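Trainee: Could you take me through one part of this model closely, and then set that part in the context of the whole? I would like to see how a single helix is placed before we turn to its surroundings.

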Amino acid sequence: MSAAPAATAHALELDALEVAYRVRGQWRRVLRGVSLQIAEGESYGLVGESGCGKSTAAFAALRYLPRNGRVSSGGIRVAGEDLLAMSDADVRRLRATKVSMVYQNPTSALNPAIRIGEQVAEVFTIQGSSEDEAGDRAREMLEKVQISDPAGVMRRYPHQLSGGMNQRVIIAMALAKDPALLILDEPTTGLDATVESEVLDLVAAMRKEFSSSVLFISHSLEVIARMCDRVGVLYAGRVVEEGPVGEVFDNPRHPYAVGLLRCIPRGGARKDKGRLDTIPGFLPGLGAELAGCVFADRCGLVQDICREKEPDLLDVGNDHTSRCHFHEKAQSLPRVESPAPVKSEAADGDGTPILLTRNMRKTFHQDGHDVRAVEDLTLELGEGETLGLVGESGSGKTTLARLLLGLTEPDEGSIVELDGRQLAGKISKRDREQVRAVQIVFQNPDAALNRRFSIHRIIARALTMLVGTKGTAMESRLQDLAHSVRFDVRLIRQRPAQLSGGLKQRVAIARAFAGEPRVVVCDEPTSALDVSVQAAILNLLAELQAEKGTAYLFISHDLGVVRYLSDRIAVLYLGRLMELGDAETVFGPPQHPYTEALLSAVPQADGKPRPRIRLEGEIPSHADPPSGCVFHTRCPRYIGDICRDEEPELKEVEPGHHWRCHYSAEELRELQQTAPPQREESAP
Amino acid sequence: MSTASVDTGLPAPAAPAGDAERAAQRERFALLRSSKTFLVGAGILGIFVICAIFGEALAPDDPYATNPLNDLAAPSSDHWFGTDRVGRDVFSRVIVGARDILVVAPAATLLGTVIGTALGLITGYYRGAVDDVVSRVIDAFLAIPVVILGILAITALGPSNLTVIIVIGVVFAPVIARTVRAAVLQEREMEYVAAAQLRNEKAPYVMFAEILPNVMGPVMVEFTVRLGYAVFTVATLSFLGFGIQPPAPDWGVQVYEHYGLISGGYWWPVLFPALAIGILVIAVNMIADGIAKAFER
């Protein structure tokens, strides 16, 4: 046992922590002297892009490194106890009683073969409760995390619960031992915006109740801004800036933080108002030897001294520190992208739709049930237009995309037309012109690019099959294509695994554009990417559209991203179109109540609170959708029986603005000046 | 937290093509080289291969030469493993006996792997009706015992090494098909397959050019595992008289010819070929283990 903790011990104290991983026989530095303190009851956010060492810091704090990892030097103290001096048994005891960790993927953090009740109760039996007592306390704990039917949930298995529900259970387990320190590693990354919002609310409420100290790890600046008191910005294993959340986000003093904040499309940023800024270059390699400032290679303000001497952590006032020689100039970081808006060279369409669907329906047959994934959808896509498609997961966005592409065959009677000609439901029945006209950029480039093929082969094959070019003509087209997606042709012989996520996505975009498509479906093309890379990809998509006049169907759960790129927006719920209109119209009042709720769930990087509308309960089942308006079970503006009994038509409430709601535009405009009341009774 | 895949966000500098693949290949070989199981297995197999190639040159006696005057002689310095019931040198016969089995077993496994992989790709890729029909046929095949199939084939095709290869290949194919099908089912959900369909690729291209390279890992593992079984199956068929035919110095045949004499105390013509079978099977399985470990990333 270590010495008794001092009265004013920090919940977590990392002191010049160095962690290295052994990769291919060499030790590579991952954390380069990370120091931070989390005071009792404080919520500390660690933010940074993937590969900068966030998760390693979290694991190291519990001395829980993979087998090839080691703490090379430095100190870790949890609630005053020195972890590095402890025996393994003591570390396990500490993990069992004083610290909790919540991981990113809730379903894999729970044992799929054990009922929820037993898993939660285990936390208490470990602490010495009898089985009955543990069961009671488990139920109490589940109630605390706002699970409405704790007894029922306890009898179920993890796969019978939604992701958000599982994450609640895990948070209940994490808080059950009343930990001195709670570590949350990207706890909401895999969740829908509405669910994310609920889980974050819950964490905030629980933190108050249990007054735990929190280490909150996220790549999302918005989430950190909402959840934390202080924030540390991690880059290449080094904390480059640290301070109170408001200070750091409003007055960033390190060029990396400045750059990161500029990458996010926020505050109504739109492609016609200006490009997003990006951060050029790449994170230094794992364990690279860096003589000076870790950010020097990517910094627009770099001077000779930056490459020679690493800056100390400089106090810039207000409890705010920055590791930059020129921190007072950080905000004058030159923009990488010209702020000029993306000008469309291709003439804007004359409004005739190039792709349209009428009465699109898709029914899946599952275990004897009919699951209606898409219900009577009618949409038009004009030339050079971006139609944003939003909705929670399960709303039918991706199914719709697959239907348009012909990867999934729609029900009888559904119509897809390209330039006025009807398209076959199956891709194999479409001719080459039709196939090349509608293409897609998938969400995950790792799955979308064959890992056994070189980049050259991937793009060349697309050109051969879609355009029919061969030999030198093909090679020169390939060069042009690579150039137009800003892909360095020197990397053309590489395989996907050798490229970064952003470069892989550029290859996927090049492939989609190989056949000069009329329409490109973008299915969450940036959600697997870091924000700085996301900004570059969004810029690229906007530029390609301006150049070639391609229409986009842009699917994303990130409303800021959708707003940046879209001209019009369609909101889907349970496979039905709930609202359709110009982007700015949809984003402002009056809005369909569902859109209103979706928007209120979006955390903002400026951290300004806005009244949040909580959607009660889970998305209803497609197999058994609610009667009347399908949204009535969760609607914050529920009127009464009419919503339950009568399905509203999709009506034009303003010119070009449609929605499916019994309210009129004037009524909702009036109502939406104030937040909706919490619904007391949930509709049957 | 994986190690090699920590995304540094850094593109490798313009390296020659296939560099990563070669690095992965190198890593796999390094893993194999450091695996004692694999090395011991490979060593033993190597000895058997040498026996198979240089059989007569290594054997102290002619494995076919009978000597009625010296039948069933116990192991001695003249005949290390003794002599069999017609006076042939058991040691020489064990050495030369490696040849047939080391041709027949790998050939049969290869045939089974090729057929099985093709079936697995087709059923996994098409799913639906094609999968249902082919899978039921496969199930039916799996229900037939090897021996029955052996008898049928011998009757129909006549006894020969080729018959054994076909029988074992056909019996193994369904098993391999199942494993490959499972891998393909996972692989076909990857979006590169949808991307191929969005270029109007024909199904054979998607299956054999796009998917096959990505399921080669399981195919390799399945091949080595099946090879062990094949050695045993060849020996079994020979023992039952449906496999390699006398007077070839096959191990299974030798056991068959002499197992009745064990009760008379003549254990050597049975034990040594049986040991050879056992050691070869174990060696192949050790290699299979090593390869399986190297391929599971």
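**A buried helix and its setting**

Mentor: In this predicted model, the buried residues of α22(A) are Pro593(A), Tyr594(A), Thr595(A), Glu596(A), Ala597(A), Leu598(A), Leu599(A) and Ser600(A). Helix α22 of chain A spans residues 593-600, and because eight of its eight residues are buried, the helix is largely enclosed by the rest of the structure. What do the buried residues of α22(A) pack against? Their partners in chain A are the helices α8 (193-210), α20 (559-565) and α21 (583-587), together with the strands β15 (386-390), β21 (568-573) and β22 (576-582).

The domain assignment helps to place these elements, since it divides chain A into domain 1 (12-228), domain 2 (257-338), domain 3 (383-403 + 430-568) and domain 4 (588-671). Between domain 3 of chain A and domain 4 of chain A, the C-alpha centres are 32 Å apart, and four residues of domain 3 are in contact with four residues of domain 4. On the domain 3 side of that contact there are two nonpolar residues, one polar and one charged.

For contrast with the buried helix, consider Gly128(A), which is found in the loop between α4 (116-126) and α5 (131-144) of chain A. Gly128(A) has 8 other C-beta atoms within 10 Å and is exposed. Its C-alpha atom is separated by 61 Å from that of His657(A), a residue 529 positions away along the chain.

A sheet of chain A deserves a look as well. Four strands, in the order β14-β13-β16-β17, make up an open sheet with antiparallel pairing. The edges are held by β14 (369-382) and β17 (421-422) of chain A, each of which has a single partner strand, so one side of each is left without a neighbour in the sheet. Within this sheet, β16 (residues 415-418) of chain A pairs with β17(A) in the antiparallel sense over two bridges, and Leu418(A) has Arg421(A) in β17(A) as its bridge partner.

Turning to the chain as a whole, chain A contains 24 helices and 24 strands, and its C-alpha atoms fill a box of roughly 80 × 65 × 45 Å along the principal axes. The radius of gyration of chain A is 26 Å, which agrees with the value near 26 Å that a compact globule of 684 residues would have. Of those 684 residues, 52% count as buried, and among the contacts in chain A between residues at least 6 apart in sequence, 68% join residues at least 24 apart.

Chain A also meets a second chain, with 44 of its residues in contact with 27 residues of chain B. Several elements of chain A each supply at least two residues to the side that touches chain B, among them β1 (12-23), α1 (54-61), α16 (455-466) and α18 (501-513). With four residues, α16(A) gives the most to that side, whose residues divide into 23 nonpolar, 13 polar and eight charged.

A word on confidence belongs at the end. The mean pLDDT of chain A is 87, and 95% of its residues reach 70 or more, whereas over residues 1-7 of chain A the pLDDT is below 50, although this stretch has nine contacts in the model beyond near neighbours in sequence. Where pLDDT is low, the predicted coordinates should not be read in detail.

Notes: Residues are numbered from 1 along each chain as its sequence is written. Chains are lettered from A and ligands numbered from 1 in the order in which they are written. This is a predicted model: local features need pLDDT of at least 70, side-chain atom pairs count only at pLDDT 80 or more; totals for chains, interfaces and linings use all residues. Two residues are in contact if their C-beta atoms, placed from the backbone, lie within 7 Å. Ala, Val, Leu, Ile, Met, Phe, Trp, Tyr, Cys and Pro count as nonpolar, Asp, Glu, Lys and Arg as charged, and the others, Gly among them, as polar. Two strands pair if DSSP finds at least two bridges between them. The radius of gyration is taken over C-alpha atoms; the globule rule is 2.2 Å times the number of residues to the power 0.38. A residue is buried if 20 or more other C-beta atoms lie within 10 Å of its own, exposed if 12 or fewer, and partly exposed in between; C-beta atoms are placed from the backbone. Domain bounds come from an automatic or database domain assignment. pLDDT is the predictor's confidence in each residue, from 0 to 100.
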